[in-house]
Amino acid sequence: METLCFHDGNITDLINRRTLDVRNDFNSDLQMHSSLVRRLSLERELEGHNGCVNSVAWNSTGSLLISGSDDTRLNVWSYSSRKLLHSIETGHATNIFCTKFIPETSDELVASGAGDAEVRLFNLSRLNGRGLEENVISPSALFQCHTNRVKKLAVEVGNPNVVWSASEDGTLRQHDLREGVSCPPAGSSDQECRNILLDLRCGAKKSLADPPKQSLALKSCDISSTRPHLLLVGGSDAFARLYDRRMLPPMSSSQTKLPPPPCVNYFCPMHLSDCGHSSLHLTHVTFGTNREEVLISYSGEHVYLMDVNPAPGSEMRYTSGDVSKLMSFNPMTSRVELHSHVSGVFFNGFPVRNRVAAKLDKCRKLVQIAEKSLKEGTNFYYGVEACNEVLDGRGHEIGPTLVHECLCIRAALLLKRKWKNDAYMAMRDCHRARKINPSSFRALICMSEALSMLGKHEEALEFADAARSLAPSDFEVGEKVDNIKKHIAAEVEKAKKENDRGSKSEYRAGRVLSLSDIIYRHEGNGDALQDGPEREDSDFDEELELDFETSVSDEGHDFDSNVLHGSLNFRIHMRGDSATETGRPNGASGLPTPACQNNKVPYQPETVTDMKQRYVGHCNTGTDIKQASFLGQKGEYVASGSDDGRWFIWEKRTGRLLKMLHGDEAVVNCIQCHPFDCVVATSGIDSTIKIWTPSASVPSIVAGGSAGPEPPNVLDAMEGNQRRLCRARETFLPFEFLERFRMHEFTEGSLHPFECTQS
């Protein structure tokens with residue numbers, strides 16, 4: 001697949017055209033050109049922190065880089081010299097998770113948010129004339145109104161007066177520096193900061209059809225640079241939310257939990273909107289550089305691209321009823337004319353027939369490559385990549401016959417590959433193929449196999465019967481359908497036996513649970529690389545409520561109050577137990593207050609925007625601050641960190657992997673592209689920041705990294721990450737409890753930290 005060209009063209013031709021077309025912004029075209037991206041390699045490591053680096057951010061001109069770390073320091077670096085200019089001792093009590101330069105302040109005002117629930121602002125001009133060792137300055141502003149960790153800060157281009165902070169307490173607060181530079185600590189008797197712009201303490205949804213009830217612990221937020229009234233947030237459920245600040249109610253205080261305000265749009269891939277996994281959540285959301293797209297990254301899942309405003313009537317918009325319709329057999333009557341059309345239209349006086357014919361010929365060759373992978377049962381990944389190039393790269397230029405064929409092949413390849421949620425992607429392709437050709441036997445067969453993999457056996461049988469009805473006298477067809485039915489019957493019997501064992505009774509009968517059992521539960525049915533059917537006892541999991549108490553023995557020793565010592569005791573109650581419901585302060589249990597619910601009005605599920613591209617190959621389960629970013633001013637490439645110490649770059653349009661680099665000894669969390677140059681800064685568990693530039697002598701999909709050369713087989717690394725994703729386990733206990741553990745093991749199979757924590 002290295003022979004495939006990229007859609008940004010030849011860089012030499014691009015440079016030569018600069019003298020002919022002065023209207024185009026060639027600098028932005030050249031910044032992250034594929035030929036440069038494929039030459040990215042490690043230029044330098046910036047040393048200056050003593051803990052994990054959880055945040056990096058450029059200033060608007062790209063002359064400065066700011067970083068925040070577990071060591072509670074803010075470091076400011078010079079881009080030109082790659083040297084440390086300032087190192088501020090912030091006074092935060094715990095890990096810094098987010099940093100920002102405040103716009104229009106000559107880059108003198110910087111902000112930080114941390115695990116101590118505080119937002120602090122510092123004026124760098126106070127450090128003028130001081131050495132690096134003289135780094136203690138008092139904050140210019142201190143906001144203590146959050147009650148949980150501050151995970152993200154946002155600023156508005158051109159606005160030096162306001163900072164927004166998103167916290168795991170379920171609120172997004174607006175700090176206006178013109179109104180004051182401090183507020184009382186959370187819980188104070190005079191706690192009346194009326195700065196809550198978004199109150200989502202009753203905003204989390206278990207699934208699309210369910211009303212919001214639980215607190216939405218916010219993990220990320222972003223403000224559109226071109227339409228600053230648009231605000232994007234993501235947190236502890238599967239749905240990213242877009243709000244218009246002009247339509248929000250007046251700001252409130254934390255004294256009363258309010259129902260979540262209506263939002264402009266919800267974003268969630270359809271297959272994740274109804275899964276009901278309490279551990280599925282977003283770690284990062286961001287607007288695209290064109291502000292017409294959003295990028296969202298999930299913990300335990302992949303990175304997805306979505307349109308901000310899909311066209312009216314677009315299939316990108318769906319409701320809860322559409323989710324079930326996709327899995328049900330419904331005869332389709334509409335049919336697209338199955339023929340290819342090569343236009344003879346002239347462009348600037350020159351015929352384009354030959355050019356279109358050449359593209360069609362190339363697409364046919366790619367389809368043949370994919371078909372060969374399917375028949376030989378090897379190289380499924382590269383077969384899928386070939387189909388992606390045809391469908392996502394050139395799908396608008398080819399006829400429906402080739403599109404239909406390619407959709408069916410890709411669906412079959414996805415079912416063979418069995419990466420995380422590949423079965424759902426295969427179902428989408430089958431649905432599209434049936435819209436082109438309702439009598440597509442191949443699409444019906446693949447749909448049946450996909451549904452069987454997902455444990456939807458009744459629906460799978462419907463599609464298998466529909467496939468047989470298309471050719472009732474064909475022996476080969478009948479044999480294939482019979483084999484599918486036998487497999488479905490075996491799976492049904494297997495599921496019945498597992499249910500008969502009474503897995504619920506093991507918990508109710510008082511089986512001794514290990515700490516791992518209590519903290520986690522496995523997702524799916526344990527298949528090596530494929531999600532299985534939804535657990536029958538998932539509702540029971542939601543009925544458990546866990547109280548915990550710790551016995552600490554200090555015996556005259558000094559110890560960190562944030563670390564648990566001694567024994568750990570659990571009391572497990574059923575929700576509704578009077579012992580659990582009484583004796584708690586208001587809101588302490590995390591259950592919705594009466595203000596969160598309105599039982600008089602029936603709940604109407606929202607309309608949601610579906611994905612238009614998926615980016616796979618990395619693993620995001622170990623940390624809760626992992627970013628996914630657009631690269632370059634035009635945002636033609638997408639990047640994400642990974643739990644295997646690598647970071648990945650994909651072509652935005654096709655989802656094709658462009659580059660994989662080793663960026664950390666453990667986990668890469670942060671990826672930030674320079675505003676104008678082909679330079680990327682990354683950070684993670686290591687205490688250093690890596691600066692990447694296109695300095696490699698030859699382009700390649702891999703490169704040498706901070707820990708030495710990469711293995712040549714990229715597919716091995718990607719498949720290893722898929723195994724990690726499919727072994728992801730769902731948590732029972734709240735983040736507030738788990739954060740008290742200091743878990744640093746990153747070996748395979750061990751407990752992973754939810755944050756990078758200082759040892």
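# A guided tour of the predicted model

The protein contains 17 helices and 36 strands; these are DSSP runs, helices being H or I of at least four residues and strands E of at least two, numbered from the N terminus. This is a predicted model, in which local features need pLDDT of at least 70 and side-chain atom pairs count only at pLDDT 80 or more, while totals for chains, interfaces and linings use all residues. Residues are numbered from 1 along each chain as its sequence is written, and side-chain values use heavy atoms, with hydrogens and water left out.

**The whole chain.** Begin with the entire protein displayed. Of its 759 residues, 53% count as buried, where buried means under 20% relative accessible area, exposed over 50%, and partly exposed in between (1.4 Å probe, protein chains only). Of the contacts between residues at least 6 apart in sequence, 64% join residues at least 24 apart; a contact means heavy atoms within 4.5 Å.

**Residues 661–692.** Select this stretch next. Together with residues 46–87, it is covered by the annotation "repeat: WD" in an unreviewed UniProt entry; such annotations may be inferred rather than shown by experiment, feature names are shortened, and positions are given in the numbering used here. Over residues 661–692 the chain is 56% strand and 0% helix, and its end C-alpha atoms are 10 Å apart.

**Leu208.** Move to the loop between strand S13 (196–199) and strand S14 (218–223), where Leu208 is placed. Is Leu208 buried or exposed? Leu208 counts as buried because its relative accessibility is 1%. Leaving aside residues up to four places away in sequence, Leu208 touches partners including Phe239, Ser273, Tyr318, Tyr603 and Val608. Select Cys275 as well: 67 residues separate it from Leu208 along the chain, and their C-alpha atoms are 9.1 Å apart.

**Helices H6 and H7.** Now display residues 380–393, which form H6, and residues 400–417, which form H7; the two pack at an angle of about 150°, with their axes 9 Å apart. The axes are lines fitted to C-alpha atoms, for helices over the stretch in contact, and angles run from 0 to 180 degrees between N-to-C directions. H6 and H7 are therefore roughly antiparallel to each other, a term for angles over 145 degrees. Among the residues making the contact are Phe380, Tyr381 and Leu391 of H6, and Leu407, Leu413 and Arg417 of H7.

**The loop after H7.** Follow the chain into the loop between H7 and helix H8 (422–436), where Lys418 is found. The phi of Lys418 is near 60°, a positive value in a residue other than glycine. Most residues other than glycine have a negative phi. Lys418 counts as partly exposed, because its relative accessibility is 38%. Asn421 is placed in the loop between H7 and H8 and has a positive phi of about 65°, although it is not a glycine. Asn421 is buried, with a relative accessible area of 3%.

**Ser452 and helices H10 and H11.** Finish with Ser452, which lies in helix H9 (residues 441–453). Ser452 is buried, at 5% relative accessible area. Which residues does Ser452 touch, not counting those up to four places away in sequence? They are His457, Ala460, His487 and Ile488. Extend the selection to helix H10 (residues 457–470) and helix H11 (residues 475–500), whose axes come within 10 Å and cross at roughly 170°. That makes H10 roughly antiparallel to H11. His457, Ala460 and Leu461 are among the H10 residues that meet H11, where Val481, Ile484 and Ile488 are among the residues met.

Conventions
Angles under 35 degrees count as roughly parallel, over 145 as roughly antiparallel, 65 to 115 as roughly perpendicular and the rest as oblique.
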